[in-house]
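Open the model in your viewer and keep the selection tool handy. The tour goes helix by helix.

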Amino acid sequence: MLQIFKTLTQYIGAAAAKVESGRLFDEAKALFDAGEHKQALPVMKEAAEKGAPFAMAHLAVMCLKGLGTDCNWKRAAELYEMTLKLENFQGTDFTSTTIKSHLGLIYGIGGYGLKRDTEKAKAYLKEAADEGDERAGDTLKLVTQRKGVFGQKERARPEIKW
């Protein structure tokens with residue numbers, strides 16, 4: 001009987017945490033959409049820490065573009081990779097294909113704390129291209145041929161506008 005009670009308590013706790021992370025994400029997303037990135041950042045972090053996968057992906061974008069925080073592509077890559085490991089981020093503004101495409105792009109360029117890794121870039125871009133992302137296929141060709149920004153010397157702060 002005690003084991004049933006413990007299991008039930010765990011399920012209730014998990015459901016409450018999921019509801020709370022969703023509520024926090026909704027609050028953070030509203031601030032994000034309103035352009036209030038500095039105010040959205042701590043709420044988005046809390047939602048991500050409570051397990052909201054869509055918050056992790058939005059934090060990655062914030063780190064990638066420097067919205068409410070400094071540009072930090074290393075952190076963006078970590079957050080994107082954590083998001084990919086979760087199963088329930090679909091239905092948000094992100095798909096696994098989009099995330100893989102972004103990862104391929106930033107690993108191919110390097111900068112803002114992220115070391116260029118053309119092998120990771122190629123792997124992510126190939127997966128995204130195989131999933132139907134034509135731009136990822138085009139980018140894969142550029143990375144492979146080391147053309148454009150992918151052929152330039154790696155810079156700490158690349159001149160990229162998102």
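What should the 13 residues of α2 span at 1.5 Å a residue, and how far apart are its end C-alpha atoms? The expected span is 18 Å and the end C-alpha atoms are 18 Å apart, so the two agree. That expectation is 1.5 Å times one less than the number of residues. Helices here are DSSP runs of H or I with at least four residues, numbered from the N terminus.

Before you select anything, note that this is a predicted model: local features need pLDDT of at least 70, side-chain atom pairs count only at pLDDT 80 or more, and totals for chains, interfaces and linings use all residues. Residues are numbered from 1 along each chain as its sequence is written, and side-chain values use heavy atoms, with hydrogens and water left out.

**Stop 1: α2 and what follows**

Select residues 37–49, helix α2. Colour H37, A40, L41, V43, M44, A47 and A48: these are buried (under 20% relative accessible area, with a 1.4 Å probe and protein chains only). Step just past α2 to G51, which takes a positive phi of about 100°.

**Stop 2: α2 against α3**

Add residues 53–65, helix α3. The two helices pack at about 140°, axes 9 Å apart. Axes are lines fitted to C-alpha atoms over the stretch in contact, and angles run from 0 to 180 degrees between N-to-C directions. That angle makes α2 oblique to α3. Angles under 35 degrees count as roughly parallel, over 145 as roughly antiparallel, 65 to 115 as roughly perpendicular, and the rest as oblique.

Now show side chains. From α2, pick H37, A40, L41, M44, K45, A47 and A48; from α3, pick A55, M56, H58, L59 and M62. These make the contact (heavy atoms within 4.5 Å). By class, the contact of α2 with α3 has nine nonpolar, two polar and one charged residues.

**Stop 3: α4 against α5**

Select residues 73–85 for α4 and 96–109 for α5. Their angle is about 150°, with axes 10 Å apart. The pair is therefore roughly antiparallel. On the α4 side, show W73, A77, Y80, E81, T83 and L84. They meet S96, I99, K100, H102, L103, I106, Y107 and I109 in α5. The residues of this α4–α5 contact divide into nine nonpolar, three polar and two charged.

**Stop 4: T139**

Finish in helix α7, residues 134–145, and select T139. Is T139 buried or exposed? It counts as buried, because its relative accessibility is 16%. Leaving aside neighbours within four places in sequence, T139 is in contact with L105, L125 and F150.

How values were computed: Ala, Val, Leu, Ile, Met, Phe, Trp, Tyr, Cys and Pro count as nonpolar, Asp, Glu, Lys and Arg as charged, and the others, Gly among them, as polar. Buried means under 20% relative accessible area, exposed over 50%, partly exposed in between (1.4 Å probe, protein chains only).
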